[in-house]
Amino acid sequence: MSLISVFDVIGPNMVGPSSSHTAGAASVSGLARKLFAKEVVRVVFTLYGSFAKTYRGHGTDRALLGGIMGFATDDLRIRDSFAIADARGLRYEFVKNTTETEVHPNTVDIEMESADGSRMTVRGESLGGGKIRIVRLNGVDVEFTGEYSTLVVIQKDKPGVVAHITRCLSEASANIAFMRLFREEKGARAYTIVESDEAIPEDAVRWIRVNPNVEDLMLIQVQEVSNGL
């Protein structure tokens, strides 16, 4: 049986009329920004389902733009996201996709670009009550919520890499709640995602980087997620 807390009933602190279309949207883009870990100079939001139909009226566009700029769901600056983005020189675009229907109704693809040309695409879903889920990174299907400290390891799909990650986390006494492997195809790029209900030790992250098959790491600590989203 699934238990519902009082926070699920009341909903999140937020600016805007809808926990799904505003608070959830801000949370998805805020988490995407943290994953990218670079200053975003250009962003394209591709909206699906009800997001595509009602994004202007429900403030989804303002919330998505605010999240990319680091605004929390209850930050009053979300109301002025467009003006603030323009003043900062942030280029943005909203695209409606009404042809792809086999997705969650509150789905957005966020394509971010930095000044040095680096890019990342994140697909997120707003599940209701302010809860969210990231379901795709750079075209690879994944799954995590941002409710836990989250480590994303981008690696070559080679034998021993996952064992190396597990060993580093164990030696640093990291308490793993969930650990999953996602990959493009056998022998190609893979993503190991580790979620912990405690902060993931920085030592473990440094040791994981030593493996030559590890291409990149993204770390979001639970304190940052709870304060920022």
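A residue is called buried here when its relative accessible area is under 20%. That cut-off is used throughout this account of a predicted model.

The confidence of the prediction deserves attention before the architecture. The mean pLDDT of the protein is 87, with 88% of its residues reaching 70 or more. Two stretches fall below 50. Over residues 1-11 the pLDDT stays under 50, and the model has three contacts for them beyond four places in sequence. Residues 224-229 also have a pLDDT below 50, although this stretch has 14 contacts in the model beyond near neighbours in sequence. Where pLDDT is low, the predicted coordinates should not be read in detail.

A suitable point of entry is helix α4, which spans residues 60-68. The helix is largely enclosed by the rest of the structure, because eight of its nine residues are buried. These buried residues are T60, D61, A63, L64, L65, G66, G67 and I68. Among them, L64 has a relative accessibility of 0% and therefore counts as buried. What does L64 touch, leaving aside residues up to four places away in sequence? Its contacts are A25, S29, F45, L47, F94 and V108. In the case of S29, 35 residues separate it from L64 along the sequence, yet the two C-alpha atoms are 5.5 Å apart in space. Just after the helix, G70 adopts a positive phi of about 90 degrees.

Helix α4 also packs against a second helix, α5, which is formed by residues 81-88. Their axes are 9 Å apart and meet at an angle of about 40 degrees. The two helices are therefore oblique to each other, and their crossing is left-handed. On the α4 side, the residues that take part in this packing are D61, R62, L65 and G66. They meet S81, F82 and A85 of α5.

From the helices, the reader may turn to the sheet on which α4 rests. Helix α4 lies across β1 (42-48), β2 and β3, and runs at about 140 degrees to β1. These strands belong to an open sheet of six strands, arranged in the order β2-β1-β3-β4-β5-β6 with mixed pairing. Strands β2 (91-97) and β6 (140-144) stand at the edges; each has a single partner strand, so one side of each is left without a neighbour in the sheet. Neighbouring strands of this sheet are turned against each other by 25 degrees on average, direction ignored.

Within this sheet, strand β3 offers a useful reference. It comprises residues 106-113, and seven of its eight residues are buried, so that the strand is mostly covered. On one hand, β3 runs antiparallel to β1, to which it is joined by seven bridges. In this pairing, T46 stands opposite D109 of β3. On the other hand, β3 pairs with strand β4 (residues 119-128), again in the antiparallel sense and over seven bridges. Here M112 has M120 of β4 as its bridge partner, and E113 stands opposite R119 of β4. The hairpin of β3 and β4 has five residues between the strands, and G117 in this hairpin takes a positive phi near 90 degrees.

Further along the chain there is another sheet. Which strands form it, and in what order? Four strands make up this open sheet, in the order β8-β9-β7-β10, and their pairing is antiparallel. The edges are occupied by β8 (176-183) and β10 (214-220); each has a single partner strand, so one side of each lacks a neighbour in the sheet. From one strand to the next, the twist averages 15 degrees. Six bridges connect strand β7 (residues 149-156) with β10 in the antiparallel sense. One of the residue pairs is V152 with its bridge partner M218 in β10.

Two helices pack on this four-stranded sheet. Helix α6 (residues 161-171) touches β7, β8, β9 (189-196) and β10, and its direction makes about 150 degrees with that of β7. Helix α7 (residues 202-209) touches β7 and β10, and its direction makes about 165 degrees with that of β10.

Note on methods. Residues are numbered from 1 along each chain as its sequence is written. This is a predicted model: local features need pLDDT of at least 70, side-chain atom pairs count only at pLDDT 80 or more; totals for chains, interfaces and linings use all residues. Side-chain values use heavy atoms; hydrogens and water are left out. pLDDT is the predictor's confidence in each residue, from 0 to 100. Contact means heavy atoms within 4.5 Å. Buried means under 20% relative accessible area, exposed over 50%, partly exposed in between (1.4 Å probe, protein chains only). Two strands pair if DSSP finds at least two bridges between them. Axes are lines fitted to C-alpha atoms, for helices over the stretch in contact, and angles run from 0 to 180 degrees between N-to-C directions. Angles under 35 degrees count as roughly parallel, over 145 as roughly antiparallel, 65 to 115 as roughly perpendicular and the rest as oblique. A crossing is left-handed if the near helix is turned anticlockwise from the far one by less than a right angle, and right-handed if clockwise.
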